[in-house]
Amino acid sequence: MISFSDLLTIPMNPVQVILTLIVGLLVGLYVWFIYKKTFSGVMYSRTYGMTLVMMTIVTALMLMLINNSLTLSLGMVGALSIVRYRTAIKDPLDTAFIFWAVGEGIAVGTKFYDVAIIAGIIIGIFVLLISGSRGKGGAQSYLLIIHYSEAAADAIRKMTKQLPGSRAR
């Protein structure tokens, strides 16, 4: 006869859990590395890169936990569907990196390490090739923020118009 405590225990090898989380960390760091190398926006966010790593690891952890349980997986979908994410993503490529990190986490969490590594290498090379063709050798964009009093407005406008490539009005 099966006891109640037997129903609550999920056999999971601690070495396998550690290995999965380490592989998730390494794959997440690789995604972050590719993101950092191909970033072409105005303001690089280190916390966004760290979020990519964490998303890979956390997704792998969640998939390890719900791997063989339809009930847990449906509960997780329900729980995550009510979460409202308020951070605005300014670049569509950032969204692609989020999906890449989650996809890698799913592959690692379901123990498809080979798929995670092969797909990571192929996607990484693809992103590097595409970002290289966007004209990296051209001018770098910068964001200039100036705080000034109204009395200095004319002098500031005159100086900013002298900057190379200035779009100042």
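Which residue's backbone oxygen lies 3.1 Å from a polar atom of the side chain of Ser 131? That would be Leu 128. We're looking at a predicted model here, and the chain has 7 helices and 0 strands. Read along the sequence, that gives α-α-α-α-α-α-α. Below is a quick tour of H2, H5 and H6, with stops at Ser 131, Thr 56 and Lys 111.

**The chain overall**
- Of the 169 residues in the chain, 25% are buried.
- Take the contacts with a separation of 6 or more: 70% of them come from residues 24 or more positions apart.

**Helix H2 by itself**
- H2 runs over residues 14-38, and its length works out nicely: 25 residues at 1.5 Å a residue should span 36 Å, and the end C-alpha atoms are indeed 36 Å apart.
- At the N-terminal end, Asn 13 acts as the cap, with a side-chain oxygen 3.1 Å from the backbone nitrogen of Val 15.
- The buried residues of H2 include Val 17, Thr 20, Val 23, Gly 24, Val 27 and Gly 28. Further along, Val 31, Trp 32, Ile 34, Tyr 35 and Thr 38 are buried too.
- Packing against those buried residues are helix H3 (46-66), helix H5 (92-109) and H6.

**H2 against H6**
- The axes of H2 and H6 (residues 113-132) come within 10 Å and cross at roughly 5 degrees. An angle under 35 degrees counts as roughly parallel, so that's what H2 and H6 are to each other.
- On the H2 side, the contact is made by Gln 16, Leu 19, Thr 20, Val 23, Tyr 30, Ile 34, Lys 37 and Thr 38.
- H6 answers with Tyr 113, Gly 120, Ile 121, Gly 124, Ile 125, Val 127, Leu 128 and Ser 131.
- Sorted by type, the residues of this contact come out as 9 nonpolar, 6 polar and 1 charged.

**Ser 131, back to the opening question**
- Ser 131 sits in helix H6 and is among the residues in contact with H2.
- Its relative accessibility is 6%, so Ser 131 counts as buried.
- Its side chain still has a polar partner: the backbone oxygen of Leu 128, at 3.1 Å.

**Helix H5**
- H5 has 18 residues and reaches 26 Å from first C-alpha to last, close to the 26 Å you'd expect at 1.5 Å a residue.
- Buried in H5 are Asp 94, Phe 97, Ile 98, Trp 100, Ala 101, Glu 104, Gly 105, Ala 107, Val 108 and Gly 109.
- The cover over these buried residues includes H2, H3 and H6.

**Thr 56, with contacts in H2 and H5**
- Thr 56 belongs to helix H3, and at 0% relative accessibility it counts as buried.
- Setting aside neighbours within four places in sequence, Thr 56 is in contact with Gly 24, Val 27, Gly 28, Ala 101, Glu 104 and Gly 105.
- Gly 24, Val 27 and Gly 28 are buried residues of H2, while Ala 101, Glu 104 and Gly 105 are buried residues of H5.
- A polar atom of the Thr 56 side chain lies 3.4 Å from the backbone oxygen of Ala 101.

**Lys 111, worth a look at the backbone**
- Lys 111 is in the loop between H5 and H6, just after H5.
- Its phi is near 65 degrees, a positive value in a residue other than glycine.
- For context, most residues other than glycine have a negative phi.
- With a relative accessible area of 39%, Lys 111 is partly exposed.

Conventions:
Residues numbered from 1 in each chain as written. Predicted model: local features only at pLDDT ≥ 70, side-chain atom pairs only at ≥ 80, totals over all residues. Heavy atoms only, no water. Axes fitted to C-alpha atoms, helices over the stretch in contact; angles between N-to-C directions. Helix = DSSP H or I, 4+ residues; strand = E, 2+ residues; numbered from the N terminus. Parallel < 35°, antiparallel > 145°, perpendicular 65-115°, else oblique. Contact = heavy atoms within 4.5 Å. Nonpolar A, V, L, I, M, F, W, Y, C, P; charged D, E, K, R; others polar. Expected span 1.5 Å × (residues − 1). Buried < 20%, exposed > 50% of the residue type's maximum accessible area, 1.4 Å probe, protein only. Polar contact = N/O pair within 3.5 Å; in protein donor to acceptor, adjacent residues only side chain to side chain.
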